[in-house]
Amino acid sequence: MGKKKKSKRDEIISYAIHVDDPLTYLVYYRDYDQIEQCSLEDFLSMEIVPRHRITLIKKGNRVLYVKHGHCSVCGKKLETSDCKHGS
Ligand SMILES: [Zn+2]
C-alpha cells in the first residue's frame, strides 16, 4: 500500500489550494503543440486537463516549478521548440 510521495508539482499545487491563493499562481501547460497559460484556479477548474501537462508554475516573477527539459520563461520544451531563451 505505501503512501506515494507527492511530486514537487503536486506539493506546490496543494500549498496553493490549502494555504495560499490559486488565483495568484500562473500555470503553463501543454495543449497539443502549444503552451497555454492561465491561473492555477482556472487550470484546476478545467478538470479535463491532466496535471502532468504542466510545464511551468510561477507566482509573480518567481518560478516555483519547471518540468525537466523545459524553459523557465515560456514553459516550452528546450531545443525542439521555438523557445529563444536558452537554458
Ligand atoms: Zn523560452
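**How the labels are earned**

Modeller: From the N terminus on, this chain runs α-β-β-α-β-β. Keep in mind that we're looking at a predicted model.

Colleague: What makes the chain as compact as a globular protein of that length?

Modeller: Its radius of gyration is 13 Å, and the globule rule gives 12 Å for 87 residues. Those two values are close, so the chain counts as compact as a globular protein of that length. Along the principal axes, the C-alpha trace spans about 40 × 30 × 25 Å.

Colleague: How many helices and strands are there?

Modeller: Two helices and four strands. The four strands make an open sheet in the order β2-β1-β3-β4, with antiparallel pairing.

Colleague: Why are β2 and β4 called edge strands?

Modeller: Each of them pairs on one side only. As for the twist, neighbouring strands in this sheet are turned by 20° against each other on average, direction ignored.

Colleague: How do you know that β1 and β2 pair?

Modeller: Pairing takes at least two bridges. Strand β1 (residues 25–31) and strand β2 (residues 34–39) have six bridges, so they qualify, in the antiparallel sense. For one spot to look at, tyrosine 28 stands opposite glutamine 37 in β2. The hairpin of these strands has two residues between them, and there tyrosine 32 takes a positive phi near 55°.

Colleague: And what makes β1 and β3 a pair?

Modeller: The test is again at least two bridges. Five bridges link β1 and β3, in the antiparallel sense, so the test is passed. Tyrosine 29, for instance, has isoleucine 54 in β3 as its bridge partner.

Colleague: How many bridges join β3 to β4?

Modeller: Four, with strand β3 (residues 54–59) and β4 running antiparallel. Leucine 56 stands opposite valine 66 in β4, and lysine 59 has arginine 62 as its bridge partner there. This is a hairpin too, with two residues between the strands; glycine 60 in the turn has a positive phi of about 60°.

Colleague: Why is β3 called largely enclosed?

Modeller: A residue is buried if 20 or more other C-beta atoms lie within 10 Å of its own. In β3, five of the six residues are buried, so the strand is largely enclosed by the rest of the structure. For the chain, buried residues make up 22% of the 87 residues.

Colleague: Which strands does helix α1 lie across?

Modeller: Helix α1 (residues 8–18) lies across β1, β3 and β4, and runs at about 130° to β4.

Colleague: Let's pick one residue of β4, leucine 64. Why does leucine 64 count as partly exposed?

Modeller: Buried would need 20 or more neighbours within 10 Å, and exposed would need 12 or fewer. Leucine 64 has 18 C-beta neighbours inside 10 Å, so it counts as partly exposed.

Colleague: Which residues does leucine 64 touch?

Modeller: Ile12, Ile57, Lys58 and Lys59, leaving out residues up to four places away in sequence. Lysine 84 is 20 residues from leucine 64 in sequence, and 21 Å from it in space, C-alpha to C-alpha.

Colleague: What share of contacts joins residues at least 24 apart?

Modeller: That's 32%, counted among contacts in the chain between residues at least 6 apart in sequence.

Notes:
Residues numbered from 1 in each chain as written. Predicted model: local features only at pLDDT ≥ 70, side-chain atom pairs only at ≥ 80, totals over all residues. Axes fitted to C-alpha atoms, helices over the stretch in contact; angles between N-to-C directions. Contact = placed C-beta atoms within 7 Å. Rg over C-alpha atoms; globule rule 2.2 N^0.38 Å.
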